[in-house]
Amino acid sequence: MRILVTNDDGIEAPGLTAAARALVDAGHDVVVGAPTRDFSGSGSGLGPIDDGSVVGWRGHRLPGIDCAAYAIDAPPSFAVLAFCSRLFGPPPDLVVAGINDGYNTGRLVLASSTVGAALTAATVGVGSIAVSTAEAPHHRYDTAAAVLVAVVRQVVQQGRRGTCLNVNVPALDVADLAGVEVGGLARRGLMGLGLERGDDVITLRRYTNDRGIDGGTDAALVGAGYVAVTALTGVTQADHGPAGDTSVIAVVDAARAQLRAHAGTSPV
């Protein structure tokens, strides 16, 4: 299986090296395409995409790993699109984003570039896995890499190549993991973001959250020592039918009536 490994911490990040090495050792055809620098928190952003924009790239060597690697001066979602567009050889069968330095749990994964890269792959029809562990200095890339290899093996065996999975691995030895469970997105994840306004700046503070976490969710599972696996979907439209979001239909009906009144007898 051809696997693209990317991340949002930059191509020099140890988590990416750990993921690539584990997948190569497992016998996969691995290619690495990752940002030249840290693009954390940019979600599924692509960077500048004005007509004629140019994005720099260069070959890169990952020490001790026998695979092609490329550093791209753009967020990881751009790298995913570049590889899926065959700019660097055959397109990947699977995209792996990570191993991220810090958990990606809860609904704020919307802002995660690790998860954003995985969702971008899913949007163009390529299966993906985002994998994260605890933030430094508590990270356990070795455990996360072992879990990643096991998840990839199951994805291949079950033919679930179009699935997008968000995997969060506790900072424990493999033998000490409580298990692997499916969990929904918590309302509040394990990592919080605080904003402080100054005279002319806004300061961002990251903090560890251990309060207000819903039971059975990804955040609660990781806190209890479980590997949390959450299936995500890409951009999809809501159901506007009788069993779906009828408020949207009401908004459209009201807007149509207002436009008709404004235009007199002209139909809209």
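Let me start with one residue, Leu 204, which is exposed, having a relative accessible area of 54%, and which sits in strand 10. Since this is a predicted model, I will keep to what can be computed from its atoms.

Why do we call Leu 204 exposed? The threshold for exposed is over 50% relative accessible area, and Leu 204 is placed in that class because its value is 54%. Setting aside residues up to four places away in sequence, Leu 204 touches Leu 193, Gly 194 and Leu 195. Leu 204 also belongs to a nonpolar surface patch of about 540 Å², which it makes together with Leu 108, Leu 193, Leu 195 and Ile 202. Two strands, strand 9 (191-197) and strand 10 (202-208), each supply at least two residues of that patch. For a sense of distance, the C-alpha atom of Leu 204 is separated by 28 Å from that of Gly 234, which is 30 residues away along the chain.

Stepping back to the whole protein, we have six helices and 11 strands, and the C-alpha atoms fill a box of roughly 75 × 50 × 45 Å along the principal axes. Of the 268 residues, 42% are buried, while the exposed surface of the protein comes to about 13900 Å², with carbon and sulfur atoms supplying 53% of it. If we take the contacts between residues at least 6 apart in sequence, 74% of them join residues at least 24 apart.

Now to the interior. In soluble globular proteins, nonpolar side chains tend to be buried together. Here the largest nonpolar core has 37 residues, and those with the most contacts inside it are Val 5, Leu 23, Val 32, Ile 129 and Val 167. Helix 4, covering residues 141-157, gives the most to this core, contributing nine residues. There is also a second, separate core of 15 residues, which includes Val 31, Ile 72, Ala 79 and Ala 82. Returning to Val 5, and leaving aside its neighbours within four places in sequence, its contacts include Leu 16, Ala 19, Ala 20 and Leu 23, as well as Val 30, Val 31 and Val 32, and also Val 96 and Gly 98.

That brings me to strand 5, residues 94-101, which is largely enclosed by the rest of the structure, because seven of its eight residues are buried. Which strands does strand 5 pair with? On one hand, four bridges join it to strand 1 (residues 2-6), the two running parallel; on the other, seven bridges join strand 5 to strand 6 (residues 127-133), and these also run parallel. Ala 97 of strand 5 takes part in both pairings, being the bridge partner of Thr 6 and standing opposite Ala 130 in strand 6.

Finally, helix 2, residues 76-84, is mostly covered, with seven of its nine residues buried. Those buried residues are Pro 76, Ser 77, Ala 79, Val 80, Ala 82, Phe 83 and Cys 84, and among them Ala 79 and Ala 82 are the ones I listed a moment ago in the second core. What covers the buried residues of helix 2 includes strand 1, strand 2 (29-35), strand 4 (68-72), strand 5 and helix 3 (113-123). After helix 2 comes Arg 86, whose phi is positive, near 65 degrees, and with that residue I will stop.

How values were computed:
Residues are numbered from 1 along each chain as its sequence is written. This is a predicted model: local features need pLDDT of at least 70, side-chain atom pairs count only at pLDDT 80 or more; totals for chains, interfaces and linings use all residues. Side-chain values use heavy atoms; hydrogens and water are left out. A nonpolar core is a set of buried Ala, Val, Leu, Ile, Met, Phe, Trp, Tyr and Cys residues joined through side-chain atoms within 4.5 Å. Buried means under 20% relative accessible area, exposed over 50%, partly exposed in between (1.4 Å probe, protein chains only). Contact means heavy atoms within 4.5 Å. Patches are made of residues with over 30% relative accessible area and no salt bridge: like charges are joined within 9 Å, nonpolar side chains (Val, Leu, Ile, Met, Phe, Trp, Tyr) within 5 Å. Accessible areas come from the Shrake-Rupley method with a 1.4 Å probe; for residues, only the protein chains shown count as cover. A salt bridge is a side-chain nitrogen of Lys or Arg within 4 Å of a carboxyl oxygen of Asp or Glu. Two strands pair if DSSP finds at least two bridges between them.
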